[in-house]
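Trainee: Hi! Could you walk me through how the helices pack in this one, and then what sits around the ligand?
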Amino acid sequence: MTDHIIIGGGVIGLTLAYSLACQNESVLVLERGTCGQETSRAAAGMLATDIELREELHALAARSRRLYPLLARRLERETGIDCGYREQPFLLKRNGREYVFPSVGQIDPRRLTTALMSALRKRGVSIEEQVDVTRICENEDTVRIESNEGEWTGRTVTVAAGRGSQALLATAGISIATYGVKGECLAVRLAGEPLPSILFDDSVYLVPKADGRILIGATELPYDETVGVRVAGVMSLLQAAEQLYPPIRDAVIEEVWSGIRPQTESGLPYLGVADSSRRIFLATGHHRHGILLAPVTAEILANTLRLIQKEEVR
Ligand SMILES: Cc1cc2nc3c(=O)[nH]c(=O)nc-3n(C[C@H](O)[C@H](O)[C@H](O)COP(=O)(O)OP(=O)(O)OC[C@H]3O[C@@H](n4cnc5c(N)ncnc54)[C@H](O)[C@@H]3O)c2cc1C
């Protein structure tokens, strides 16, 4: 039997699995598709703690930012994969004024999930992909997980299944209130000098990446969970991008994509043990900030899960 089962192999589930594995806990990750290929793949990777973030999350975001350079360095040491973590200036244009933040972090979310998977495998963590979890059953001392590929038993389960979390928890009689917010994004390449800072206004952001691409994002469509990128979405982003940074009109489009952000009715993520449960934990609903908040989410959950494990061993 595994001590800790994590459902969902996005940035939240994988970072938690890594934190637990670093503390020598036994962990199993169950993912219905391929790890890192859902919302986490869609993210721009900005780690902006002061912008767009609800005040209640400022302290958590600040802690997560402090953890990021350590996490990125550790992953690179263990896997050889550079997650694209870097600090750079951030220019915000709002109400006709410009605000410069001299140092804001960013990371490449796709490299981050690849590095996390690689580090987990090196540490012997089981990652089961193409496993669609269909039911969670809590018993006195264990939790049983049912799926299209059979059953697993653990001492705890953490649901980090993004937009799949609400339906999964309902199978255990646990109710949470979430909805999807579709976001569309594109990547372009522009010849010449790289953009020296992240540019941001209330309609669009431009994020220069280490590989030379510039990400332009992102639309925000609440309650829209459709797949695909709308022409109107791309047009509105490009128009706003050109206003913010006119040379962008000469860039070449390389990729367009969309993702569904997991949002909660309260606007705050669910972190910790579920109401009326001892063994079912939640790590979901991070909306626009899941990349930023992944390390602190992992820290909080891993500490709690480890304590429970210790108490039971005693
Ligand atoms: C366009 C866009 C730009 C963004 N930019 C940023 C940014 O700059 N900075 C930032 O901090 N955040 C950003 N975000 C938000 C960020 O991407 C999300 O908050 C984060 O990826 C959520 O991670 P997650 O692990 O909860 O979800 P996911 O990455 O969706 O992972 C959940 C996983 O659970 C799996 N799953 C679901 N149901 C089941 C089941 N029944 N059984 C097994 N597995 C299951 C899914 O297949 C999926 O792989 C952006 C989002 C979008 C869409």
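Mentor: Happy to. One term up front: a helix axis here is a line fitted to C-alpha atoms over the stretch in contact, and angles run from 0 to 180 degrees between N-to-C directions. Keep in mind that this is a predicted model.

Trainee: Got it. At what angle do helix 1 and helix 4 pack?
Mentor: About 35°, and their axes are 10 Å apart. The crossing of helix 1 past helix 4 is left-handed.

Trainee: Which residues make that contact?
Mentor: Helix 1 brings Val11, Leu14, Thr15, Ala17, Tyr18 and Ala21. From helix 4 come Pro109, Leu112, Thr113, Leu116, Met117, Ala119 and Leu120. By type, that contact has 11 nonpolar residues, two polar and no charged.

Trainee: And how do helix 3 and helix 4 pack?
Mentor: Helix 3 covers residues 58-79 and helix 4 residues 109-122; their angle is about 55° and their axes are 9 Å apart. The two helices are therefore oblique to each other. Helix 3, too, passes helix 4 in a left-handed crossing. Leu75, Glu78 and Thr79 of helix 3 meet Ala115, Leu116, Ser118, Ala119 and Lys122 of helix 4. Here the split is four nonpolar, two polar and two charged.

Trainee: Switching to the ligand: how many residues surround it?
Mentor: There are 41, and the closest are Gly8, Gly10, Gly162, Gly164 and Gly290. The shell divides into 17 nonpolar, 18 polar and six charged residues.

Trainee: Which helices and strands each supply at least two residues of that shell?
Mentor: Helix 1 (11-22), helix 2 (39-42) and helix 7 (290-313) do, along with strand 10 (178-189) and strand 15 (252-264).

How values were computed
Residues are numbered from 1 along each chain as its sequence is written. This is a predicted model: local features need pLDDT of at least 70, side-chain atom pairs count only at pLDDT 80 or more; totals for chains, interfaces and linings use all residues. A residue is near a molecule or strand if its C-beta atom, placed from the backbone, lies within 6 Å of it. Ala, Val, Leu, Ile, Met, Phe, Trp, Tyr, Cys and Pro count as nonpolar, Asp, Glu, Lys and Arg as charged, and the others, Gly among them, as polar. Angles under 35 degrees count as roughly parallel, over 145 as roughly antiparallel, 65 to 115 as roughly perpendicular and the rest as oblique. A crossing is left-handed if the near helix is turned anticlockwise from the far one by less than a right angle, and right-handed if clockwise. Two residues are in contact if their C-beta atoms, placed from the backbone, lie within 7 Å.
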